[in-house]
Amino acid sequence: LLPWFAANCTCPSTMIDRIVPATTEADRAMVAGALGGLTDEAPEDQACVVTEPFSQWVIEDRFAGPRPAWEAVGAQLVEDVAPYETAKLRMLNGAHSLLAYCGLRAGHEYVHEAVADPHLRHLAEQLMRREAAPTITPAPGQDLAAYADALIARFANPSLNHRLIQIAMDGSQKIPQRWLETLAARAAQGHDCPAIREGIGAWIHHLQGHNGPVDDPLADKLTRAANTPDPIHAIFGKDGVLGGVWSSSMV
């Protein structure tokens with residue numbers, strides 16, 4: 001089977017970008033109203049999914065045979081998906097996590113409230129434009145400055161009510177690719193990332209329990225590490241909970 005698969009099949013890489021806040025009771029009530037009072041009894045994560053207007057679907061144009069004309073309905077067929085995925089992780093997701101932890105520390109509840117805070121907006125802009133973007137080699141036609149502009153506008157959408165605490169979940173699974181890879185790449189270029197450093201401080205504040213229970217698969221280890229005299233070393237040191245990708249000794 002394996003030789004036949006190698007000769008006859010391909011598995012194109014793809015990337016999808018669309019902000020999807022957690023479904024609320026108000027969302028489900030809105031859908032029920034639109035259905036004339038009918039209630040969809042499917043599981044709540046399937047019955048009602050609220051999204052932002054923006055969507056992006058990037059597909060590696062590498063197929064073993066004919067394919068649907070997905071580009072006719074807005075998909076981007078590209079030679080390499082990696083630059084788009086890297087930009088999403090380091091710019092969009094990186095800024096999202098920054099706004100989440102710094103926003104919660106500042107007393108905000110939603111993304112649009114955090115990005116309306118002048119200091120937090122400045123941090124998000126700095127992370128995207130001066131810290132993450134210089135670590136990305138863009139694909140032909142990929143405009144990282146325009147992408148940053150669009151992200152700020154998307155974050156500011158008040159209709160989404162995207163809760164910061166939702167984004168703050170599972171930080172141990174998100175921060176390595178959202179922040180640490182950028183920190184390591186900038187360190188290799190001889191630069192530091194002050195905005196991400198501030199985000200790390202806010203994440204440690206979160207891990208110390210200041211925003212309520214920590215929702216993370218490594219919560220126990222991270223909480224203990226965050227409450228040591230040197231949480232940076234306990235989390236990011238060689239033998240730390242997230243050691244290996246980046247350490248503060250790199251700069």
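In this predicted model, asparagine 161 has a relative accessibility of 38% and therefore counts as partly exposed, since that value falls between the 20% and 50% limits. Asparagine 161 belongs to the loop that joins helix 7 (144–155) to helix 8 (164–167), and its phi, near 50°, is positive even though the residue is not glycine. A positive phi, of about 55°, is also found at aspartate 170, likewise a residue other than glycine. Aspartate 170 is placed in the loop between helix 8 and helix 9 (171–188), and with a relative accessible area of 25% it is partly exposed.

The largest nonpolar core comprises 53 residues, of which Met91, Leu127, Phe155, Trp179, Trp203 and Ile235 touch the most other members. Helix 4 (residues 82–105) supplies the largest share of this core, namely 10 residues. A second core, separate from the largest one and made up of six residues, includes Met15, Val81, Tyr84 and Ala139. In soluble globular proteins, nonpolar side chains tend to be buried together.

When neighbours within four places in sequence are set aside, tryptophan 203 is in contact with Tyr101, Gly171, Ser172, Ile175, Trp179, Leu222, Ile235, Phe236 and Leu242. Tyr101 also appears among the contacts of histidine 206, which, under the exclusion of neighbours within four places, further include Leu104, Ile165, Ala168, Asn211 and Val214. Histidine 206 is situated in helix 10 (residues 194–210), and it counts as buried because its relative accessibility is 3%, which is under the 20% limit.

Glutamine 76 is located in strand 3 (residues 76–78) and, at 29% relative accessibility, counts as partly exposed. Not counting residues up to four places away in sequence, glutamine 76 touches Gln56, Trp57, Val58, Ile59 and Tyr84, the last of which is also listed in the second nonpolar core. The C-alpha atoms of glutamine 76 and glutamine 56 are 7.8 Å apart in space, whereas the two residues are separated by 20 residues in sequence.

At the surface, a nonpolar patch is formed by Leu1, Trp4 and Phe5, which together have about 400 Å² of accessible area. Tryptophan 4, one of the residues of this patch, has its place in helix 1 (residues 2–8).

Methods:
Residues numbered from 1 in each chain as written. Predicted model: local features only at pLDDT ≥ 70, side-chain atom pairs only at ≥ 80, totals over all residues. Heavy atoms only, no water. Helix = DSSP H or I, 4+ residues; strand = E, 2+ residues; numbered from the N terminus. Buried < 20%, exposed > 50% of the residue type's maximum accessible area, 1.4 Å probe, protein only. Contact = heavy atoms within 4.5 Å. Core = buried A, V, L, I, M, F, W, Y, C linked by side-chain atoms within 4.5 Å. Patch = residues over 30% accessible without salt bridge, like charges linked within 9 Å, V, L, I, M, F, W, Y side chains within 5 Å. Areas by Shrake-Rupley, 256 points an atom, 1.4 Å probe, with all protein chains shown as cover. Salt bridge = Lys/Arg side-chain N within 4 Å of Asp/Glu carboxyl O.
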